[in-house]
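Dear colleague,

Please find below the structure I promised to hand over, followed by a summary of what was found in it. I would be grateful if you could read the notes alongside the coordinates.

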Amino acid sequence: MIKLNNLTRVFRTQDIETTALNNINLNISEGDFLVVMGESGCGKSTLLSILGMLDSATKGQYNFCGENLTGLSEKALADIRKNNVGFVFQSFNLIDDLSVSENIELALQYQGISKNERKQRTEAILQRVGLSHRADHLPQHLSGGQQQRASVARALVINPKIILADEPTGNLDSKNGEEVMQMLRQLNNEGTTIVMVTHSQADAQYGNRIVRLFDGQIISDKAEANVKELINV
């Protein structure tokens, strides 16, 4: 599904040049639940931004579903992103003055889907994540766990090829965090490809592959049916 070849990302200011990612080679297959771990500043969020087409590499090649994205315009990348990539953020990123259902439906409006189909798909995804009874509520009237479930629903409603999750339990207590991770695990069991950045060793156990970054480089990439034994490596 995804192939990165010799990918490097350098940030430059007038006085400083910082290499966030250095010669990354990575393959992500359909159905993977890939966990990206490493210390703060190691390049995890930069990698996720490039995978999500929110940022571009300084050099190297990014192939997505057989298409070389290197050198494409921001508009072209946005068109690919809105039809293929679902995002789940630590801070939820729901729009405060829109109801839960309106937040979810907005993702479909960007795709130009008809009003009737938007309504049907929104209702179906709300039921799937257990939020039908909160459809008309504003985000601030939901618990943190419910807001993150709404965020997952917004990511899923476009039927994405991949979900990118950035510290999805970072703002949740342990109970709600576990519920969100179980939901992601179930989605992966049903065939959804997931890439998740996390500092949490507990959350990492839900994946089936762990990539570790250090100073912008991959220092290990291990795939197992059960990754628990890899957490403390």
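Threonine 8 has a relative accessibility of 5%, and because the limit for a buried residue is under 20%, threonine 8 counts as buried. Please note that the model is a predicted one. Threonine 8 lies in strand β1, which spans residues 2-12. Setting aside neighbours within four places in sequence, the contacts of threonine 8 are Thr19, Leu21, Asn22, Asn23, Ala57, Thr58 and Lys59.

Strand β1 also holds asparagine 6. With 41% relative accessibility, asparagine 6 counts as partly exposed. The backbone of asparagine 6 deserves a look: its phi is near 50°, a positive value in a residue other than glycine. As background, most residues other than glycine have a negative phi. A second case is phenylalanine 92, with phi near 70°, again positive in a residue other than glycine. Phenylalanine 92 sits in the loop between β6 (85-89) and α3. Its relative accessible area is 10%, so phenylalanine 92 is buried.

Asparagine 6 appears again among the contacts of isoleucine 24. Isoleucine 24 belongs to strand β2, residues 17-28, and is buried, with a relative accessible area of 1%. Not counting residues up to four places away in sequence, isoleucine 24 touches Leu4, Asn5, Asn6, Leu7, Leu213, Gly216, Gln217 and Ile218. One of these partners, leucine 213, is 189 residues from isoleucine 24 along the chain, yet the C-alpha atoms of the two are separated by 9.8 Å.

Two helix pairs were examined.

The first is helix α3 (residues 100-109) with helix α4 (residues 115-128), whose axes come within 9 Å and cross at roughly 125°. The two helices are therefore oblique to each other, since an angle of this kind is neither over 145 degrees nor in the range from 65 to 115. The crossing of α3 past α4 is right-handed. On the α3 side, the residues involved are Val100, Ser101, Ile104, Glu105, Leu108 and Gln109, and they meet Arg118, Arg121, Thr122, Ile125 and Leu126 of α4. By class, the residues of this contact divide into 5 nonpolar, 3 polar and 3 charged.

The second pair is helix α5 (residues 144-156) with helix α6 (residues 174-189), which pack at an angle of about 20° with their axes 9 Å apart. That angle is under 35 degrees, so α5 and α6 are roughly parallel to each other. Here too the crossing, of α5 past α6, is right-handed. From α5, Gly145, Gln148, Arg149, Val152 and Leu156 make the contact, and from α6, Asn176, Val180, Met183, Leu184 and Leu187. This contact has 6 nonpolar, 3 polar and 1 charged residues.

Lastly, the cysteines. A search of the whole structure finds 0 disulfides. Cysteine 42 has a relative accessible area of 3% and is therefore buried, whereas cysteine 65, at 39%, is partly exposed.

With kind regards

Methods. Residues numbered from 1 in each chain as written. Predicted model: local features only at pLDDT ≥ 70, side-chain atom pairs only at ≥ 80, totals over all residues. Heavy atoms only, no water. Helix = DSSP H or I, 4+ residues; strand = E, 2+ residues; numbered from the N terminus. Buried < 20%, exposed > 50% of the residue type's maximum accessible area, 1.4 Å probe, protein only. Contact = heavy atoms within 4.5 Å. Disulfide = S-S within 2.5 Å. Axes fitted to C-alpha atoms, helices over the stretch in contact; angles between N-to-C directions. Left-handed = near helix turned anticlockwise from the far one by under 90°. Nonpolar A, V, L, I, M, F, W, Y, C, P; charged D, E, K, R; others polar.
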